[in-house]
Amino acid sequence: MYARIERCRLADSLAHTQVFRLLQHALGPDFTEDNWTSELRGLVPGFSPYLGTSLADFRYADTSGVLTNLWFGTKQKKAWKDRWPTYHLEVKTTSGGVNEPFHMSSAQLQLVRSPPLLERCATDDVAARRHNN
């Protein structure tokens with residue numbers, strides 16, 4: 001049982017590292033270790049432990065609209081000018097394929113079930129999921 005848990009934590013930390021590198025490449029110098037708000041950060045060599053509480057694995061205040069432009073396009077970036085949201089990104093891993101179930105906490109489920117994200121984007125934080133396998 002212990003070995004299975006350790007394998008899962010290793011897979012999770014590898015997935016988080018991959019997402020961190022992807023976002024760092026896409027978002028540039030505005031995306032740093034401070035945006036990685038998961039306790040798994042401390043398991044990765046070269047990263048300090050994250051000691052706070054968070055809604056998701058990554059938090060990114062899109063102060064220049066870069067992530068908004070990547071995900072929603074130029075038209076939406078312009079529409080939300082200077083009111084770009086803060087994104088909370090949750091990384092989910094599975095031991096199987098894309099149809100394999102994954103765990104979500106009650107708080108995470110409440111967040112994604114709240115009013116449609118696009119209706120809140122200009123004023124509230126946005127939660128997004130990235131499903132990794």
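**View 1. Arg9 on helix H1, partly exposed and touching leucines further along the chain.** In this predicted model, Arg9 comes out as partly exposed, with a relative accessible area of 32%. That value falls in between the cut-offs, under 20% for buried and over 50% for exposed, so Arg9 gets the middle label. Arg9 is found in helix H1, which spans residues 2-27. Leaving out residues up to four places away in sequence, what does Arg9 touch? Leu40 and Leu43. Leu43 is 34 residues from Arg9 along the chain, yet the two C-alpha atoms are separated by 8.9 Å.

**View 2. The largest nonpolar core, with 17 residues.** Zoom in here on Phe20, Leu23, Leu27, Phe31, Trp36 and Phe58, the members with the most contacts inside the core. Which elements give two or more residues to it? Helix H1, strand S1 (58-61) and strand S2 (86-92) do. H1 gives the most, at five residues. Phe31 is a handy place to center the view: once neighbours within four places in sequence are set aside, Phe31 is in contact with Phe20, Leu23, Gln24, Phe58 and Tyr60.

**View 3. Strand S1, with alternating side chains.** In a regular strand, side chains alternate between the two faces of the sheet. Here is how that plays out in S1: Phe58 and Tyr60 point to one face and are buried, while Arg59 and Ala61 point to the other and are not buried. The Phe58 and Tyr60 side also ties back to the previous view, since both residues are in contact with Phe31.

**View 4. S1 and S2, paired in the antiparallel sense.** How many bridges does the pairing run over? Four. Two pairs of facing residues help you find your way: Phe58 stands opposite Leu89 in S2, and Ala61 stands opposite Thr86 in S2. Of these, Phe58 is among the core residues with the most contacts.

**View 5. Strand S2, covered on both faces.** Seven of the seven residues of S2 are buried, so the strand is largely enclosed by the rest of the structure. On one side sit Thr86, His88, Glu90 and Lys92, all buried. Tyr87, Leu89 and Val91 are on the other side, and they are buried as well. Two charged residues on the first of these sides meet: the side chains of Lys92 and Glu90 form a salt bridge, 3.5 Å from N to O. Lys92 has a relative accessible area of 9% and Glu90 is at 10%, so both count as buried.

**View 6. The other salt bridges.** The structure holds three salt bridges, one of them being the Lys92 and Glu90 pair just described. Arg41 forms another with Glu33, where the closest N and O atoms are 3.7 Å apart. Is Arg41 buried or exposed? Buried, with a relative accessible area of 6%. Lys81 and Asp82 also meet through their side chains, at 3.8 Å from N to O. Lys81 is exposed, with a relative accessible area of 52%, and Asp82 also counts as exposed, at 58% relative accessibility.

**View 7. Asp82 in its loop, with a positive phi.** Stay with Asp82 and look at the backbone. Where does the residue lie? Asp82 is in the loop between helix H3 (74-79) and S2. Phi of Asp82 is near 65°, a positive value in a residue other than glycine.

**View 8. A nonpolar patch on the surface.** Leu70, Trp71 and Phe72 make up this patch, and together they have about 300 Å² of accessible area. Trp71 belongs to helix H2, residues 66-72. Its relative accessible area is 42%, so Trp71 is partly exposed.

**View 9. Pulling back to the protein chain.** From the N terminus on, the elements run α-β-α-α-β-α-α-β, which adds up to five helices and three strands. Of the 133 residues, 33% count as buried. The accessible surface comes to about 8,500 Å², with 54% of it belonging to carbon and sulfur atoms. Among contacts between residues at least 6 apart in sequence, 57% join residues at least 24 apart.

How values were computed. Residues are numbered from 1 along each chain as its sequence is written. This is a predicted model: local features need pLDDT of at least 70, side-chain atom pairs count only at pLDDT 80 or more; totals for chains, interfaces and linings use all residues. Side-chain values use heavy atoms; hydrogens and water are left out. A nonpolar core is a set of buried Ala, Val, Leu, Ile, Met, Phe, Trp, Tyr and Cys residues joined through side-chain atoms within 4.5 Å. Buried means under 20% relative accessible area, exposed over 50%, partly exposed in between (1.4 Å probe, protein chains only). Contact means heavy atoms within 4.5 Å. Patches are made of residues with over 30% relative accessible area and no salt bridge: like charges are joined within 9 Å, nonpolar side chains (Val, Leu, Ile, Met, Phe, Trp, Tyr) within 5 Å. Accessible areas come from the Shrake-Rupley method with a 1.4 Å probe; for residues, only the protein chains shown count as cover. A salt bridge is a side-chain nitrogen of Lys or Arg within 4 Å of a carboxyl oxygen of Asp or Glu. Two strands pair if DSSP finds at least two bridges between them.
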